[in-house]
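Visitor: I'm new to reading protein structures, so could you walk me through one?
Guide: Sure, have a look at it here.

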Amino acid sequence: MLAAVLIFPGSALLLLQNMTLPEPVQRQNYAVAIPSQLYYPFSETVCLQLSKKQAVPTHVTVTLQSRAGNETLITQSISQLNFFHCTSFQVPPPVGKPDEVAFIVVTVLEANSEFEKKQKVLIKHADKKTFIQTDKPVYKPGQIGMSRIQFCFSFAL
């Protein structure tokens, strides 16, 4: 089995291409797309795409391995020739400060073979900021003002 990993800015794309199995099972392409940086406490999306020439039963599992534990993001038994599925998941808190290197693990089971591919992802805390808005830019001594306070999360893309 040949595996190629393609990295795009802001996301990691795992492209797994099956090239060593017997003829009817050959030329199956698996792709998993997930951001390379995950921000806690937000949710993120992971997508799985499978394309094959024969309707051979295939089981694919995508797991996030972090110090907080393993979380199965996608587990699918697929018989179709073409399959595409996206799902959202809650990013676990990073263990350690300030970031944690975790792994996305893709496991593919079919016929008489098993393939596993690991890709690093970074789990980060979103920066917390406070935004204070007033009804005018400058107050004179003794004036009473109106204000609104918002708590925001920010992160660099």
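Here are some questions and answers about this structure.

Guide: A quick note to begin with: this is a predicted model, where local features need pLDDT of at least 70, side-chain atom pairs count only at pLDDT 80 or more, and totals for chains, interfaces and linings use all residues. Residues are numbered from 1 along each chain as its sequence is written, and side-chain values use heavy atoms, with hydrogens and water left out.

Visitor: How many helices and strands does the protein have?
Guide: Let's get the terms down: helices (H or I, at least four residues) and strands (E, at least two) are DSSP runs, numbered from the N terminus. Reading from that end, the elements go β-β-β-β-β-β-β-β-β-β-β-β. The tally is zero helices and twelve strands.

Visitor: In what order do the five strands of the open sheet sit?
Guide: Two strands pair if DSSP finds at least two bridges between them. The pairing in this open sheet is mixed. Its five strands come in the order β4-β10-β9-β6-β7.

Visitor: Which strands stand at the edges of that sheet, and why is one side of each left without a neighbour?
Guide: An edge strand here has a single partner strand, so one side of it has no neighbour in the sheet. That describes β4 (37–40) and β7 (69–78).

Visitor: How many bridges join β6 and β7?
Guide: Strand β6 covers residues 58–66, and β7 pairs with it in the antiparallel sense. One bridge links serine 66 to glycine 69 in β7. The count for the β6 and β7 pairing is nine bridges.

Visitor: Is threonine 107 buried or exposed?
Guide: Threonine 107 belongs to strand β9 (residues 99–110). The cut-offs are under 20% relative accessible area for buried, over 50% for exposed, and partly exposed in between (1.4 Å probe, protein chains only). Threonine 107 has 15%, so the label is buried.

Visitor: Which side chain makes a polar contact with the side chain of threonine 107?
Guide: A polar contact is a pair of N or O atoms within 3.5 Å; within protein, one must be able to donate a hydrogen and the other to accept it, and residues adjacent in sequence count only if both atoms are side-chain atoms. A plain contact just means heavy atoms within 4.5 Å, and beyond four places in sequence threonine 107 has such contacts with residues including His59, Val60 and Phe115. The polar partner, at 3.5 Å, is glutamate 116.

Visitor: What is the C-alpha to C-alpha distance between glutamine 49 and histidine 85?
Guide: Glutamine 49 lies in strand β5 (residues 43–51) and is partly exposed at 42% relative accessible area. Leaving out residues up to four places away in sequence, glutamine 49 touches Asn29, Tyr30, Ala31, Phe83 and Phe84. Glutamine 49 and histidine 85 are 36 residues apart in sequence, yet their distance in space is 6.6 Å.

Visitor: Which two residues does the cis peptide bond with omega of about 15° join?
Guide: Most peptide bonds are trans. One partner in this cis bond, proline 41, is in the loop between β4 and β5 and is partly exposed at 32% relative accessibility. The cis bond joins tyrosine 40 and proline 41.
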